[in-house]
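Please open the structure in your viewer and follow the stops below in order. Each stop states what to select and what is to be found there.

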Amino acid sequence: MSNRALKRRHIEGIEMALVDQGDGIPLVLVHGFPLDHSMWNAQIDPLSQSSRVIVPDLRGFGQSSASDEKVTMERFADDLAALLDDLGVTEPIVFCGLSMGGYVAFQFQRKYASRLRGLILADTRALCDTPEMAAGRLQMADRIIQEGPGPLIDMMMPNLFAEATVNERPEVVESLRRVMMENDRLAIAAAARGMAERPDVTPMLSTIDCPTLVIVGELDTISPVEEMRQIAESIPDARLIEIAASGHMSPTEKPAEFNAAVVRFLASL
Ligand code: MLT
């Protein structure tokens, strides 16, 4: 968790907590699983120098209230559209999602394309889970309810970071682990069930009609470079940035490089 004072808005039957900072193009930063807005701590101050940075805790995560037994990626996208309405943001936004945040970005694009000025897809996947992966997620969801997030964290941690990050910046790893531990087990299980049934969005990539930046850590094993290159090649107006020496968590592992890529993209819009 961060120590930032968060705004709170009532939307879609929940209280949603968020950071809303700066002026300029609205830039919505959407966290991965099972995290909260604080995974963007290294982005919020620098990027709010030149844009209005809106950073929510998704339904059930961080300080946002929960939740249902299952939360689909579409549900998260609907929450964000309602949040923007509530904040009075009518101009098109740039939607930046990491991993699960990217799954939400695809659903937001599908339903609210006219609200998008640009899309940033960071370390994410267009493919759905294989049946085995989906079954594993559902089992894990049940386990999280029984035992808390520990087993999930043990499974995920080895895949999130480049080895150099683990060795040289252990505080980054620790702070993410803390957020995962503190998150509500029901919300984590609900999002896991939602991810298990997310659709394969590969067929819609060629219809994405806004400028798109695809960012991937070169050592990402969850959403590997080759898979993200295919996403970038399938979207008509997309460019790919590969971040050297980073794993899956590129915004936290290599914030200077990540932020520079985002600032360049925003300036090009
Ligand atoms: C994430 O970082 O959000 C997760 O790795 C997404 C997933 O489990 O598919």
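Begin with the whole protein chain: a compact globule of 269 residues would have a radius of gyration near 18 Å, and the chain agrees because its value is 17 Å (taken over C-alpha atoms; the globule rule is 2.2 Å times the number of residues to the power 0.38). The model is predicted, so local features need pLDDT of at least 70 and side-chain atom pairs count only at pLDDT 80 or more, while totals for chains, interfaces and linings use all residues. Residues are numbered from 1 along each chain as its sequence is written, and side-chain values use heavy atoms, with hydrogens and water left out.

Next, colour the chain by secondary structure: 11 helices and 8 strands appear (DSSP runs, H or I of at least four residues for helices and E of at least two for strands).

Now select the ligand and the residues near it (those with a heavy atom within 4 Å). Gly-32, Phe-33, Ser-99, Met-100, Tyr-103, Arg-137, Met-156, Met-195 and His-248 surround the ligand.

Which side chains have a polar atom 2.9 Å from an oxygen atom of the ligand? Select Ser-99, which has a polar side-chain atom at 2.9 Å from a ligand oxygen, and then Tyr-103, where an N or O atom of the side chain is 2.6 Å from a ligand oxygen. His-248 likewise places a polar side-chain atom 2.9 Å from an oxygen atom of the ligand (a polar contact is a pair of N or O atoms within 3.5 Å). Finally, display the ligand surface: the protein covers 92% of the 270 Å² of accessible area that the ligand has on its own (Shrake-Rupley method, 1.4 Å probe).

Notes:
Polar contact = N/O pair within 3.5 Å; in protein donor to acceptor, adjacent residues only side chain to side chain.
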